[in-house]
Amino acid sequence: QVQLVESGGGMVQPGGSLNVSCAATGNIYTLETMGWYRQAPGKQRELVATMSRSARTNYEESVRGRFAISRDIPKNVVHLQMNSLKPEDSAVYFCYVDAWLIVNRDVERSEHWGQGTQVIVSS
């Protein structure tokens with residue numbers, strides 16, 4: 001299977017920056033899409049940013065121009081640099097991968113989520 005280890009996050013003042021990273025390990029053949037979603041209290045989980053294997057990116061409109069996603073494809077790591085943070089960015093950020101896994105000498109596609117890392121933007 002896949003293990004997703006998230007790091008980074010924490011608390012920062014408005015206007016500050018944070019970086020979150022996620023490393024995927026396991027029976028990975030290849031990762032199609034890696035990215036981040038977030039969920040604030042009382043709200044649905046929403047896409048923040050994703051990057052495909054071909055480096056196509058997709059950003060939620062409110063973070064465009066402030067957040068930057070990047071991938072280290074050989075290492076199966078995704079980073080999210082968050083700048084100019086606002087209180088409304090506060091949420092639990094979840095790593096997401098769309099993976100092809102090696103299963104019984106075959107490959108199977110599946111989606112996986114990390115445990116989440118807290119980001120709090122407050123003065």
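**Entry 1: the open sheet**

I began at Ala 68, which I found standing opposite Gln 81 in E8. This is a predicted model, and I read every entry below with that in mind. Looking at the strands around that position, I noted that E7 and strand E8, residues 77-82, pair in the antiparallel sense over 6 bridges. I then followed the sheet outward and found 4 strands in the order E1-E3-E8-E7, forming an open sheet with antiparallel pairing. Its edge strands are E1 (2-8) and E7 (67-72), each of which pairs on one side only. From one strand to the next, the twist averages 15°.

**Entry 2: strand E5 and its neighbours**

Next I looked up strand E5, residues 46-52, and asked how many of its residues are buried. I counted 5 of the 7 as buried, so the strand is largely enclosed by the rest of the structure. On one pairing, 6 bridges join strand E4 (residues 28-39) to E5, and the two run antiparallel; here Arg 38 stands opposite Glu 46. The hairpin of E4 and E5 has 6 residues between the strands, and within this hairpin Gly 42 takes a positive phi near 80°.

I then turned to the pairing of E5 with strand E6 (residues 57-59), which is antiparallel over 3 bridges, with Ala 49 opposite Tyr 59 in E6. These two strands also form a hairpin, with 4 residues between them, and I noted that Ala 55 in the turn has a positive phi of about 75°.

**Entry 3: charges around Arg 38**

Having met Arg 38 and Glu 46 as opposite residues in paired strands, I checked their side chains and found that they meet in a salt bridge, at 2.7 Å from N to O. Is Arg 38 buried or exposed? With a relative accessibility of 5%, Arg 38 counts as buried, whereas Glu 46 is partly exposed at 32%.

Arg 38 also forms a salt bridge with Glu 60, where the closest N and O atoms are 3.9 Å apart. That pair links distant parts of the chain, as Glu 60 lies in the loop between E6 and E7 and Arg 38 in strand E4, 22 residues apart. Glu 60 counts as partly exposed, at 22% relative accessibility. I traced the connections further and found Arg 38, Glu 46, Glu 60, Arg 66 and Asp 89 linked in a network of salt bridges.

The structure holds 6 salt bridges, and another one I looked up is that of Glu 61 with Arg 64, whose closest N and O atoms are 3.5 Å apart. Glu 61 is exposed, with a relative accessible area of 57%, while Arg 64 counts as partly exposed at 45%.

**Entry 4: aromatic rings**

I found 3 aromatic pairs in the structure. In one of them, Tyr 96 and Trp 113 are tilted, with 5.0 Å from centre to centre and 55° between the planes. This pair links distant parts of the chain, with Tyr 96 in strand E9 and Trp 113 in strand E10 (residues 106-113), 17 residues apart. Tyr 96 counts as buried because its relative accessibility is 8%, under the 20% limit, but Trp 113 is partly exposed at 37%. Together with Tyr 37, these residues form one aromatic cluster.

**Entry 5: loops and surface**

I went through the loops for backbone angles, bearing in mind that most residues other than glycine have a negative phi. Ser 84 has a phi near 50°, a positive value in a residue other than glycine; it sits in the loop between E8 and E9 and is partly exposed, with a relative accessible area of 40%. Asn 104 likewise has a positive phi, of about 50°, although it is not a glycine. Asn 104 lies in the loop between E9 and E10 and counts as exposed, at 73% relative accessibility.

In the loop between E10 and strand E11 (117-121) I looked up Gln 115, which counts as exposed at 72% relative accessibility. The C-alpha atoms of Gln 115 and Val 92 are separated by 9.2 Å, the two residues being 23 apart along the chain.

Which residues form a nonpolar patch on the surface? I found Tyr 29, Ile 102 and Val 107 there, with about 280 Å² of accessible area together. Of these, I placed Ile 102 in strand E9, residues 91-103, and noted that Ile 102 is partly exposed, with a relative accessible area of 40%.

Terms used
Residues numbered from 1 in each chain as written. Predicted model: local features only at pLDDT ≥ 70, side-chain atom pairs only at ≥ 80, totals over all residues. Heavy atoms only, no water. Patch = residues over 30% accessible without salt bridge, like charges linked within 9 Å, V, L, I, M, F, W, Y side chains within 5 Å. Areas by Shrake-Rupley, 256 points an atom, 1.4 Å probe, with all protein chains shown as cover. Salt bridge = Lys/Arg side-chain N within 4 Å of Asp/Glu carboxyl O. Buried < 20%, exposed > 50% of the residue type's maximum accessible area, 1.4 Å probe, protein only. Pairing = 2+ DSSP bridges. Axes fitted to C-alpha atoms, helices over the stretch in contact; angles between N-to-C directions. Phe/Tyr/Trp six-rings, centres within 6.5 Å; stacked < 30°, edge-to-face > 60°.
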